[in-house]
Amino acid sequence: TTIAGTWLGVIVVGFFLQYSLTDLLAVGSGFGYYSLSGILITQYKGAELGTIALLANIFREIFTLIFAPQMVRFFGKLAPIAAGGATTMDTTFPIIVQTSGKEFSIIAIYCGFILDFSVPFLVTLWCAL
């Protein structure tokens, strides 16, 4: 669901930007894993898009850290997990457990793990198209 939601959001935002849809999907497929996705996109598509990927993924992490309590209140306990993406098993994990509850810790770790390992494949796929 996190992957589909991220890609849907990227498609919507893509109507307002001058980049190709595949480039934007590559950036979105970083899922918060800024250190790897930025490097991969820079290698495949250049420094400009790599920098955009780095910043987009850092903002995703910061947004989750700052707004997790509001996400839980307005959208439910799974919202910070979806918003955090790959960071839910490391940097955003403590705030997710604090705001969503300990019972969501396994879901956060599982989601982060799956997204973390999908980043190199999905970013490379979208960059290659």
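Let's start with helix α1, residues 2-14, and how it sits against α2: in this predicted model, the two pack at an angle of about 140°, with their axes 9 Å apart. That angle makes α1 oblique to α2. If you look at the handedness, the crossing is right-handed.

Who is actually touching whom here? On the α1 side we have T6, W7, V10, I11 and G14, and they meet L21, L24, L25 and G28 of α2. Sorted by class, the residues of this contact come out as 6 nonpolar and 3 polar, with no charged ones.

Now stay with α1 and turn to its other partner, α7. The axes of α1 and α7 come within 11 Å and cross at roughly 45°, so this pair is oblique to each other. From α1 the contact uses T2, I3 and W7, while α7 brings C111, L115, S118, L122 and W126. The class count for α1 with α7 is 6 nonpolar, 2 polar and, once again, no charged residues. Keep an eye on W7, please: W7 is in the list for α2 and also in the list for α7.

On to the core. Which residues touch the most other members of the largest nonpolar core? Out of its 24 residues, they are F31, I41, I81 and V123. Several helices feed this core: α2 (21-28), α3 (34-45), α4 (47-75), α6 (93-100) and α7 (105-128) each supply at least two residues. The largest share is from α7, with 8 residues. As general background, nonpolar side chains in soluble globular proteins tend to be buried together.

Let me pick out two of those four. I41 first, and here is its neighbourhood: leaving aside residues up to four places away in sequence, I41 touches A26, V27, G46, L49, G50, A53, V123 and C127. You'll recognise V123 there, since V123 is also among the residues that touch the most other core members.

The second is F31, and I think you'll enjoy this one. Where does F31 sit? Its place is in the loop between α2 and α3. Is F31 buried or exposed? F31 is buried, because its relative accessible area is 0%, and the cut-off for buried is under 20%. Then there's the backbone. Most residues other than glycine have a negative phi. F31, though, has a phi near 50°, a positive value in a residue that is not glycine. So when you open the model, do click on F31: a loop residue with a positive phi, and one of those that touch the most other members of the core.

Thanks, everyone!

Key. Residues numbered from 1 in each chain as written. Predicted model: local features only at pLDDT ≥ 70, side-chain atom pairs only at ≥ 80, totals over all residues. Heavy atoms only, no water. Core = buried A, V, L, I, M, F, W, Y, C linked by side-chain atoms within 4.5 Å. Buried < 20%, exposed > 50% of the residue type's maximum accessible area, 1.4 Å probe, protein only. Helix = DSSP H or I, 4+ residues; strand = E, 2+ residues; numbered from the N terminus. Contact = heavy atoms within 4.5 Å. Axes fitted to C-alpha atoms, helices over the stretch in contact; angles between N-to-C directions. Parallel < 35°, antiparallel > 145°, perpendicular 65-115°, else oblique. Left-handed = near helix turned anticlockwise from the far one by under 90°. Nonpolar A, V, L, I, M, F, W, Y, C, P; charged D, E, K, R; others polar.
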